[in-house]
Amino acid sequence: IECSVVAGDILGANMDIHAGGSDLKFPHHDNELAQSEAYYGHHQWVNYFFHAGHLHIKGLKMSKSLKNFITIRQALQEHSARQIRLMFLMQPWDRPMNFSDQTVGAAKSKEAQFKNFFGTVKALIRSKWLDEEVGWRSREEDRALYDQIADCQSKCHHGFCDNFNTPQVVDALSSLVTYCNNYLSRPPPAAPAVYLVQKAAVYITQILKVVGVAEGADDIGFPVSSAGSEAEVEGPLDALTEFRDAVRSIARKKGPVEEILGACDAVADKVQASAPAAARLSDQVAKVLADFAGAIRAAAAGGHGAVLTACDHVRDDALTAIGVRLEDATREGQSSTWKLDDPETLMKEVAARRAEAEERAKQAKAKAAAKLQQEVDKLTAGSADPFETLKPDLQLEGGALSQADVEAWVGMQPPPKAKGKPTPEWLPAPRGGAGEE
């Protein structure tokens with residue numbers, strides 16, 4: 001009765017939406033309807049009921065009695081709010097929802113897919129694409145991408161209209177991201193229609209804002225926690241990326257050290273003029289660039305391997321610490337791509353990659369050792385001295401056999417044919433008998 005009283009007092013004789021768990025359909029909500037419609041004297045106290053599915057923890061309904069109760073604060077200690085929202089959006093709202101390592105892992109993978117796509121599109125927009133021919137240069141592929149965008153928009157609209165089918169919406173957005181990535185990965189001379197890819201990224205961001213996954217005023221992507229905008233760091237990061245690509249290419253081709261030192265000299269002026277003075281993040285990037293140039297100059301004396309190690313260090317350590325993701329080019333002649341991201345997330349990814357690499361190296365080493373042992377066993381099979389093989393059998397649990405016992409045992413055996421090998425010290429010489437020649 002208190003639910004009916006409170007709702008009626010605040011919302012009056014009619015409300016548009018009334019929500020609750022699926023277990024409240026009957027008798028709780030039926031009683032509310034009977035009480036309130038009798039009190040107000042009409043038959044439409046609630047226009048729409050939303051009955052949500054129960055939350056299950058690893059397959060079991062969450063409840064205090066089962067001691068599998070997880071609060072929002074506890075969940076946020078291990079996962080971000082965006083990841084939890086995506087996890088719920090990827091499951092039907094009116095059916096039982098499962099909170100498990102698998103569902104959270106799927107949400108994290110989806111978040112990473114969106115985040116990487118947004119970073120790629122931003123890098124594409126930063127390029128000098130307006131200096132080239134603008135338009136549908138690959139008419140069939142560009143038309144197909146346009147159709148994919150329209151199809152995604154249609155699926156999202158029908159998904160929202162179909163009982164808020166958010167799993168269908170997320171799948172449609174994810175499929176569009178996959179299609180765009182394949183479109184962008186085409187080998188030269190195929191050139192993308194940048195404004196079409198931008199249109200797709202803007203639409204995906206808009207839908208993610210509608211469902212509460214993206215926030216902020218950016219037209220594309222998620223806001224990042226790094227202290228600076230892309231416009232502020234574009235100059236120093238472009239300079240760093242260009243310099244790193246140059247020295248890395250020289251080192252991989254085992255080019256002359258003089259070229260590496262020349263690249264260090266060429267970047268010196270950019271270190272001073274690349275960043276606005278008031279931008280804290282760009283100041284950090286400029287410092288990384290200066291330190292990296294010094295590290296390359298010092299590493300050049302150690303050879304090409306030392307230069308490549310310094311290139312890996314600035315990517316995996318120095319830049320991740322300030323929230324910059326640097327992705328190496330996949331094709332010769334292409335430039336590396338930088339993206340702003342959360343520093344903590346980047347450092348966790350680097351730590352995970354290093355742990356995975358160490359585990360693979362450990363497994364490869366163990367596999368190589370096992371293979372080597374098999375070869376050794378194969379080569380030594382049948383080559384053991386029979387006397388040495390039998391020697392342990394002459395030991396009793398109570399201690400070693402006496403000399404008399406050994407001689408008695410030898411007398412019962414045929415004379416060994418040692419083929420020129422000396423008789424072991426522990427075995428007495430054969431005695432005369434029928435076996436002597």
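**Pockets, a cavity and helix H7 in a predicted model**

Let me open with one residue: leaving aside residues up to four places away in sequence, Ser36 touches Ser4 and Trp45, where contact means heavy atoms within 4.5 Å. Ser36 belongs to helix H2, residues 25-40. Ser36 is counted as buried because its relative accessibility is 3%; buried means under 20% relative accessible area, exposed over 50%, and partly exposed in between, with a 1.4 Å probe and protein chains only.

A word on the source. This is a predicted model, in which local features need pLDDT of at least 70 and side-chain atom pairs count only at pLDDT 80 or more, while totals for chains, interfaces and linings use all residues. Residues are numbered from 1 along each chain as its sequence is written, and side-chain values use heavy atoms, with hydrogens and water left out.

I turn to the protein overall. It has 15 helices and 9 strands; helices (H or I, at least four residues) and strands (E, at least two) are DSSP runs, numbered from the N terminus. Of the 437 residues in the protein, 34% are buried. Among contacts between residues at least 6 apart in sequence, 68% join residues at least 24 apart.

Next, confidence. The average pLDDT, the predictor's confidence in each residue from 0 to 100, is 85 for the protein, and 84% of the residues score at least 70. Which elements mark the lowest and the highest mean pLDDT? Strand S8, residues 395-396, has the lowest at 49, and H7 has the highest at 97. Two stretches deserve caution. Over residues 275-279 pLDDT stays under 50, and the model has 9 contacts beyond four places in sequence for them. Over residues 433-437 pLDDT also stays under 50, with 3 such contacts. Where pLDDT is low, the predicted coordinates should not be read in detail.

Let us now consider helix H7. H7 has 19 residues and reaches 27 Å from its first C-alpha to its last, close to the 27 Å expected at 1.5 Å a residue, the expected span being 1.5 Å times one less than the number of residues. The buried residues in H7 include Thr166, Val169, Val170, Leu173, Leu176, Val177 and Cys180. An α-helix has 3.6 residues a turn, so residues three or four places apart point the same way. What covers the buried residues of H7? The cover includes H4, H5, helix H6 (139-161) and helix H8 (194-210).

Within H7 I would single out Val169. Val169 counts as buried because its relative accessible area is 3%. Beyond four places in sequence, Val169 touches Cys156, Gly159, Phe160 and Ile207. The C-alpha atoms of Val169 and Cys152 are 8.4 Å apart, and these residues are 17 places from one another along the chain.

Val169 also takes part in the lining of the largest cavity, together with Leu89, Thr166, Val170, Leu173, Ile207, Leu208 and Val211. On a 1 Å grid over the protein atoms alone, a cavity is a set of points where a 1.4 Å probe fits but cannot get out, and a pocket is an open set with protein on both sides within 12 Å along at least five of seven lines; lining residues have an atom within 4 Å of a point. Grid points are joined across faces, edges and corners, and a volume is the space filled by probe spheres set on the points. By this rule there is 1 cavity of 30 Å³ or more, and the largest cavity has a volume of about 40 Å³. H7 gives the most to its lining, with 4 residues. The lining residues divide into 7 nonpolar, 1 polar and no charged; Ala, Val, Leu, Ile, Met, Phe, Trp, Tyr, Cys and Pro count as nonpolar, Asp, Glu, Lys and Arg as charged, and the others, Gly among them, as polar.

Finally, the pockets. The largest pocket has a volume of about 1,300 Å³. Of its 34 lining residues, Leu124, Ser127, Gln334, Ser335 and Thr337 lie nearest its centre. Helix H5 (101-126), H7, helix H9 (230-252) and strand S7 (337-340) each give two or more residues to this lining. That lining comprises 12 nonpolar, 11 polar and 11 charged residues.

The second largest pocket holds about 840 Å³ of space. Its lining has 32 residues, of which Gln83, Glu111, Lys115, Asp342 and Thr345 lie nearest the centre. Which element supplies the largest share of this lining? H5 does, with 9 residues. Here the lining residues divide into 8 nonpolar, 9 polar and 15 charged.
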